[in-house]
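Please load the model in your viewer and keep the selection panel at hand. The tour goes from domains to ligand to core.

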Amino acid sequence: MVSETPRVSSTVPVLKLGKHRPRYPLLQGGMGVGISGFRLAGHVARHGAVGTIASVGLSHNSPYYTEKKMSYFDSNEIVIKEALSKAREIAGPDGVLAVNCMVALTDYDREVRAAAEGGANVIVSGAGLPLRLPEYTKDFPDVALVPIVSSAKAASLIARHWEKKHGRAPDGFVVETPASAGGHLGASTIEQVYDPALSLERAIPDVVRFVAEEMRADIPVIAAGGIWGRDDVERAFALGASGVQMGTRFACTVEGDASDRFKQAYVDAKESDVVLINSPAGLPGRAIKNPFVARYLEGNPDSGACFANCLTHCRYRKTGETFCIAVALVDAFNGDWEHGLFFCGDNVSKVDKVATVGEIIEELFGA
Ligand SMILES: Cc1cc2nc3c(=O)[nH]c(=O)nc-3n(C[C@H](O)[C@H](O)[C@H](O)COP(=O)(O)O)c2cc1C
């Protein structure tokens, strides 16, 4: 049973994600590996926004994998469900919880099924086209399905495929601009990252028009990448978005699941420390230039051995070039400044303290 949420104010849209209505039109973006676990997602949902657990690699430090020696993927399934139930305890019954599942992962289908079985309200899915997402969730009609795209072309490909093969439409689109977002970026090359066609100013109205005129649907378009304060939120709404997604700001919160050293790296980062790299997944990524990234950019990556086979297409596994991204992201999660890959959005230089989730939401939507 879904209760109708009153508008926060007449200028703030109500975000409808399938049957779910968060109090605020705000999603906390999924951040792997472990950066948005059950604690961050649970607290964001408790405060009235959508809290998102990133499903990728959640099992790396679980007893199923480290002590019971279950396979990485078998452990992941269990840990995703456990994370959802711990997040639900924090969020309460009305909190809206999402799981972010990346298409590029070897165990993508299993992660999606685990999220649906574990009680996710929403599944947000990008890093590739989530063409089979409805098939993996067909027994869970209450789970809202939200692809992440960077252009109307991608939104159209997904919507047409879903209509033809699965007879259903997405429940919304997150439109994420590679020009400022954190993590893996929706561009094929580093050069394409700043393509004006992929800016929020172009892509949001393009996707809004596609949804209204071609899909003839009433589903939300959610802006992501570089959203920081009220001005950014209002600009996104003026472009036609009905919600915003924020990653970087939420990573550096008291409730954030990363280590204190990870958060300190965000507080310390200056504008000139943010760089683009080619990730082993074949996509550009945005990260802090720490000793590890500096060595990689100079052509001397040092990499831990692949332990998880996590990506379907991994340049490191295939050719030995680049590095093992699972090792580097786990190192960052643990706060290993020398060896970790600290993904971040462009606005990481604005982070000057470890805030609370409540402070951020109040600043954005408070009276
Ligand atoms: C540390 C970090 C990890 C991320 N991991 C993922 C991920 O696992 N899956 C995903 O779809 N997006 C990921 N993202 C993107 C965020 O969910 C979010 O959409 C993006 O960061 C929004 O831009 P912002 O950081 O400027 O707010 C990540 C971002 C960061 C900063």
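Each stop below gives a selection and then what is found there. Note that this is a predicted model.

**Domains.** Colour the protein chain by its domain assignment: domain 1 covers 26-258 + 352-365, and domain 2 covers 261-347. The C-alpha centres of domain 1 and domain 2 are 21 Å apart. Their contact takes 33 residues from domain 1 and 26 residues from domain 2. On the domain 1 side, select β7 (183-184) and α9, each of which supplies at least two residues that touch domain 2. By class, this side of domain 1 has 16 nonpolar, 15 polar and two charged residues.

**Ligand.** Next, select the ligand and the 30 residues that surround it. Which residues are the closest? They are G29, G182, G183, G247 and G345. Now highlight β3 (96-102), β9 (243-246) and α9 (248-251), the elements that give two or more residues to this shell. The shell around the ligand draws at least three residues from each of domain 1 and domain 2. Coloured by class, the shell divides into 14 nonpolar residues, 15 polar and one charged.

**Core.** Move on to the largest nonpolar core, which has 124 residues. Select V122, I123, V175 and V207, the residues with the most contacts inside this core. Then show helix α13 (residues 325-334), which gives the most to the core, with eight residues. Domain 1 and domain 2 each contribute at least three residues to this core.

**One core residue.** Finally, centre on I123. Leaving out residues up to four places away in sequence, I123 touches A98, V99, C101, V112, A115, A116, L133, T137, V143 and L145.

Note on methods: Residues numbered from 1 in each chain as written. Predicted model: local features only at pLDDT ≥ 70, side-chain atom pairs only at ≥ 80, totals over all residues. Core = buried A, V, L, I, M, F, W, Y, C linked by C-beta atoms within 7 Å. Buried ≥ 20, exposed ≤ 12 C-beta atoms within 10 Å, placed from the backbone. Helix = DSSP H or I, 4+ residues; strand = E, 2+ residues; numbered from the N terminus. Domains from an automatic or database assignment. Contact = placed C-beta atoms within 7 Å. Near = placed C-beta within 6 Å. Nonpolar A, V, L, I, M, F, W, Y, C, P; charged D, E, K, R; others polar.
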